[in-house]
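This report walks through a few parts of one protein chain. Have a look at the sequence and the structure before reading on.

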Amino acid sequence: MSAPMISLESVTTTTSSDQLLVTAKPSGCTSSSCGVSTKPADMDQAIWAKIKNHPCYSEEAHHYFARMHVAVAPACNIQCNYCNRKYDCANESRPGVVSEKLTPDQARRKVIAVANEVPQLSVLGVAGPGDACYDWKKTKETFERVAGEIHDIKLCISTNGLALPDHVVELVDMNVDHVTITINMVDPEIGAKIYPWIFYHNRRYTGIEGARILHERQMLGLEMLTARGILTKVNSVMIPGVNDEHLVEVNKWVKERGAFLHNVMPLISDPAHGTYYGLTGQRGPRALELKALQDRLEGGAKLMRHCRQCRADAVGLLGDDRGQEFALDQIPGEITYDAHKREAYREVVARERGDHATAKSEAIETVKAAGDGSLHVAVATKGGGRINEHFGHAKEFQVYEASSRGITYVGHRRIEQYCLGGMGEEATLDAIITALEGIDVVLCAKIGECPKNRLIEAGVRATDAYCYDYIETAIGTLYAAKFGVEPQAATA
């Protein structure tokens, strides 16, 4: 029998660390999963220790842990055709965009403020809005100031890789053990279509020559990181007609050089963003096109499928950006870090993750025991691995695929929130239905009759019958019902 369900939503809104600890240490825990490890069986223990609380490097961790990006590095040494950096923008959700630039000391204050209020916080990253390695002095000073006060926070950077080899030794010295490199090509002729210019050794290079230098520096940086035990995630932007087919080759190259993850992301292309691709009509991939490419890459470098293409000042769980709650003018000039709330939250989550791991394992066995089939499920969730978001409040769906091989997270679909002010917009619902292309079932905590019926008309079943169940438990029950096996009892 599993332990009583913990509402992580209520846990994270608790103001007292003592209240958190009451939840973490219930009298007479009856959970059969206490002590269950969520470590994948084929993963080295040392690597698991690095990624188990990192929401970007572990799909399982992203249900429970948050990241924070600080916008201390505005300078950049390359131009990408998909990028237009903005420094005072609150409305766009894409890389290179921030509401305000920060000094290293302002970043320190902001990180402490977030850590005191967001107990899920586990990772601090510098992802621009320019390049963390090119604007190195600010990146380094920020990490030194924050690590001096919050000793257990994980530090990571995101870089285009051009200046990366110059700073690998310092990254090791600073205990940075996660680095993301954006690598969109290994063929300079393709690179010349993506990068108009680079700035290297006080000189601007264009065309194939610039792309060749960038490629060589990216490969060197990746090899140096691998040799020193730093885990590297490679980001690649899928640009239809430019590098979509070529990313198969990119995947091979980065796997050979020790990349831990390969994250293939869709091009974000909108004329309103002012990018070259947006203004010239270059389209991004459809959701099913992206999935088809990711499926082709299975068996190569391990794929990340839960990326949200965060802003350079993102705060919170992936898919739930709380950055606007922590504007600089709302943070005290003097602030002290209090570790108790984060420590208590981790105790709560340790037990919840064990229960979730047990439920997930049971659900996967149920699915494997059933007949051959395929079920694509979109889930509205606030985190915690549970179905706990109202259909009308969702801003994205997490997408899972169930088959005789098991239950797999395969991506997410961003949507516009349907219900605002208690009313649903028909045009918004039409867009949501389009975004649900290829989905069989929608799982949510609550849904009204109107959107439910519209989804049925579009060939998508929507149900709130599994409200607050673990996602995999509900999917296993649905799959077993459809393909002829009696499901195991739900754990909740």
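Leaving aside its neighbours within four places in sequence, which residues is Glu 389 in contact with? They are Ala 380, Thr 381, Lys 382, Ala 394, Cys 444, Ala 445 and Lys 446. This answer, like the rest of the report, rests on a predicted model.

Glu 389 sits in the loop that runs between strand E12 (374-379) and strand E13 (396-403). Glu 389 is buried, yet it has no salt bridge. The nearest side chain of opposite charge belongs to Lys 382, 4.2 Å away. The cut-off for a salt bridge is 4 Å between a side-chain nitrogen of Lys or Arg and a carboxyl oxygen of Asp or Glu.

Strand E13, at the end of that loop, forms a hairpin with strand E14, with 2 residues between them. In this hairpin Glu 401 stands opposite Thr 408 in E14. Strand E14 (residues 406-414) is mostly covered, with 7 of its 9 residues buried.

Strand E5 (residues 178-182) is also described as mostly covered: 5 of its 5 residues are buried. On one side of E5 these are His 178, Thr 180 and Thr 182, and on the other Val 179 and Ile 181. E5 has paired strands in E4 and in E8. Ser 158 has Thr 180 of E5 as its bridge partner, while Thr 182 stands opposite Asn 235 in E8. Together with helix H6 (residues 168-173), E4 and E5 make a right-handed β-α-β unit.

The table lists some strand pairs of the model.

| Strand pair | Direction | Bridges |
|---|---|---|
| E4 and E5 | parallel | 4 bridges |
| E5 and E8 | parallel | 5 bridges |
| E13 and E14 | antiparallel | 8 bridges |
| E6 and E7 | antiparallel | 4 bridges |

The last pair in the table belongs to an open sheet of 3 strands, in the order E2-E6-E7, with antiparallel pairing. Why is one side of E2 and of E7 left without a neighbour in the sheet? Strand E2 (78-79) and strand E7 (203-206) stand at the edges and each has a single partner strand, so one side of each stays without a neighbour there. Between strand E6 (residues 197-200) and E7, Tyr 200 stands opposite Arg 203 in E7.

Next comes a helix. In helix H14 (residues 449-457) the buried residues are Pro 451, Lys 452 and Leu 455. Seen down the axis of H14, these residues fall within an arc of 105°, so they line one face of the helix. They pack against helix H13 (426-435) and strand E18 (461-463). The face turned away from the buried side carries the exposed residues Glu 449, Ile 456 and Glu 457. After H14 comes Gly 459, which has a positive phi, near 90°.

The last residue considered is Phe 260, which lies in the loop between helix H9 (247-256) and strand E9 (261-266). Is Phe 260 buried or exposed? Its relative accessibility is 15%, so Phe 260 counts as buried, the cut-off being under 20%. Leaving aside neighbours within four places in sequence, Phe 260 is in contact with several residues, among them Met 43, Ile 47, Tyr 57 and Leu 231. Another of these contacts is Lys 302. Phe 260 and Lys 302 are 42 residues apart in sequence, and their C-alpha atoms are 6.7 Å apart in space.

Technical notes:
Residues are numbered from 1 along each chain as its sequence is written. This is a predicted model: local features need pLDDT of at least 70, side-chain atom pairs count only at pLDDT 80 or more; totals for chains, interfaces and linings use all residues. Side-chain values use heavy atoms; hydrogens and water are left out. Buried means under 20% relative accessible area, exposed over 50%, partly exposed in between (1.4 Å probe, protein chains only). Lys and Arg count as positive and Asp and Glu as negative; His and the chain ends are not counted. Contact means heavy atoms within 4.5 Å. Two strands pair if DSSP finds at least two bridges between them. A crossover is right-handed if, with the strands pointing away from the viewer, the path from the first strand over the helix to the second runs clockwise. The arc is that of the directions from the helix axis to the C-beta atoms.
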